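Reader: Please take one part of this model and go through it closely, showing how that part is held by its surroundings. I would like one connected account rather than a list, with the values attached to the statements they support.

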Amino acid sequence: MLNVALPKGRLGEKVYKMLEKAGYSCEDMLKDTRKLVFTDEKSGVSYFWVKPSDVTVYVEHGVADIGVAGKDILAESQADVYELLDLKTGKCRMCVASVNGFREDTSRPLRVATKFPRVAEKFYASKNRDIEVIKLYGSIELAPILGLSDVIVDIVETGTTLRENNMCVLEEIFHISARLIANKARYKFKRNEVDAAVARLKKEIPDD
């Protein structure tokens with residue numbers, strides 16, 4: 001039995017459909033229900049829905065054998081897990097952005113508003129740039145507009161929100177997509193099952 005942590009929401013539902021096509025179906029998964037754990041003995045799989053940012057926690061602690069998390073969450077959490085497969089879905093970018101016409105003052109630390117402080121710190125450390133991180137949980141774009149920060153480090157999908165708020169991307173940090181991850185100890189114990197799932201899933205990955 002493979003225990004699989006899937007992120008709640010559109011991405012998780014999309015990945016479940018890939019898993020379903022790969023032979024890991026579970027009849028009740030997409031029904032309108034408040035259930036969180038779904039098991040199918042025939043398919044040899046048990047799924048549970050969790051908050052996207054919690055997938056790495058469940059996998060790292062071995063509650064889930066495998067799971068699906070965005071590259072953004074993996075980079076920020078720095079979870080000690082195996083990254084097995086790029087599912088090439090849920091694509092977007094981690095970027096630095098600010099208001100149009102922004103000019104950086106290099107005489108002082110750069111004020112960076114973000115939901116991803118570790119990502120921001122690692123990126124600017126690679127540039128030997130001192131920063132002041134401002135951790136936010138809501139609409140990050142508001143910070144430079146109101147002068148709370150100089151720039152933001154955030155996920156950009158289409159760029160529409162930035163354009164509508166007279167902002168633009170200054171730098172791209174990395175590309176994001178959904179990744180299949182595995183608990184290191186559980187992978188050794190269930191290697192055959194996990195490798196079989198990886199092989200089947202590869203056939204369902206959309207072409208670039």
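Author: Two strands are taken to pair if DSSP finds at least two bridges between them. The model is a predicted one, and the part chosen here is strand 6, which covers residues 92-99, together with the sheet that contains it.

That sheet is open and built from five strands in the order 8-7-9-6-10, with mixed pairing. Strand 8 (131-135) and strand 10 are its edges, each of them pairing on one side only, and from one strand to the next the twist averages 30°. In the order just given, strand 6 stands between strand 9 and strand 10. On one side, strand 6 and strand 10 run antiparallel and are joined by eight bridges; on the other, strand 6 pairs with strand 9, also in the antiparallel sense, over five bridges. The mixed character of the sheet shows when strand 7 is added to the picture, for strand 7 and strand 9 pair in the parallel sense, over three bridges, and within that part of the sheet V112 stands opposite V151 of strand 9. Strands of a sheet pair through backbone hydrogen bonds, and they may do so in either the parallel or the antiparallel sense.

How enclosed is strand 6 by the rest of the structure? Six of its eight residues are buried, so strand 6 is largely enclosed. One element that lies across this sheet is helix 4 (residues 117-126), which crosses strand 6, strand 7, strand 8, strand 9 and strand 10 and runs at about 165° to strand 8. There is also a nonpolar core of 13 residues that includes M94, V112, Y124 and I176. This core is separate from the largest one, which has 28 residues, and in the largest core the residues with the most contacts inside it are L6, Y24, M29, Y47, L87 and L201. The elements that each supply at least two residues to the 28-residue core include strand 1 (2-7), helix 1 (10-21) and helix 8 (191-202).

Within strand 6, R93 deserves a closer look, as its position can be followed on both sides. In strand 10 its bridge partner is H175, whereas in strand 9 it stands opposite V156. The side chain of R93 also meets that of E172 in a salt bridge, with N and O 3.2 Å apart. Since E172 belongs to strand 10 (residues 167-176), this pair links distant parts of the chain, 79 residues apart. With a relative accessible area of 25%, R93 is partly exposed, because that value falls between the 20% under which a residue counts as buried and the 50% over which it counts as exposed. E172, at 36%, is likewise partly exposed. Side chains of opposite charge can pair when their charged atoms come close.

Beyond strand 6 the chain enters the loop between strand 6 and strand 7, where G101 is found. G101 is exposed, with a relative accessible area of 69%, and although G101 and M167 are 66 residues apart along the chain, their C-alpha atoms are separated by 8.6 Å.

R108 takes part in a salt bridge with D150, in which the closest N and O atoms are 2.9 Å apart. R108 lies in the loop between strand 6 and strand 7 (110-114), while D150 lies in the loop between helix 5 (142-145) and strand 9 (151-156), so this salt bridge ties together parts that are 42 residues apart in sequence. D150 also forms a salt bridge with R111, where the closest N and O atoms are 3.0 Å apart; R111 lies in strand 7, so here the parts tied together are 39 residues apart in sequence. The partners of D150 contrast with D150 itself in accessibility: D150 counts as buried at 7%, whereas R108 is partly exposed at 31% and R111 is partly exposed at 23%. The count of salt bridges comes to 13, and elsewhere in the model K71, E83, D86 and R179 are linked in a network of salt bridges.

As for the record, the unreviewed UniProt entry carries the annotation "domain: ATP phosphoribosyltransferase catalytic" over residues 51-202. Over those residues the chain is 33% helix and 32% strand, with its end C-alpha atoms 25 Å apart.

Conventions
Residues are numbered from 1 along each chain as its sequence is written. This is a predicted model: local features need pLDDT of at least 70, side-chain atom pairs count only at pLDDT 80 or more; totals for chains, interfaces and linings use all residues. Side-chain values use heavy atoms; hydrogens and water are left out. A salt bridge is a side-chain nitrogen of Lys or Arg within 4 Å of a carboxyl oxygen of Asp or Glu. Helices (H or I, at least four residues) and strands (E, at least two) are DSSP runs, numbered from the N terminus. Buried means under 20% relative accessible area, exposed over 50%, partly exposed in between (1.4 Å probe, protein chains only). A nonpolar core is a set of buried Ala, Val, Leu, Ile, Met, Phe, Trp, Tyr and Cys residues joined through side-chain atoms within 4.5 Å. Axes are lines fitted to C-alpha atoms, for helices over the stretch in contact, and angles run from 0 to 180 degrees between N-to-C directions. Contact means heavy atoms within 4.5 Å. UniProt positions are given in the numbering used here, feature names are shortened, and annotations may be inferred rather than shown by experiment.
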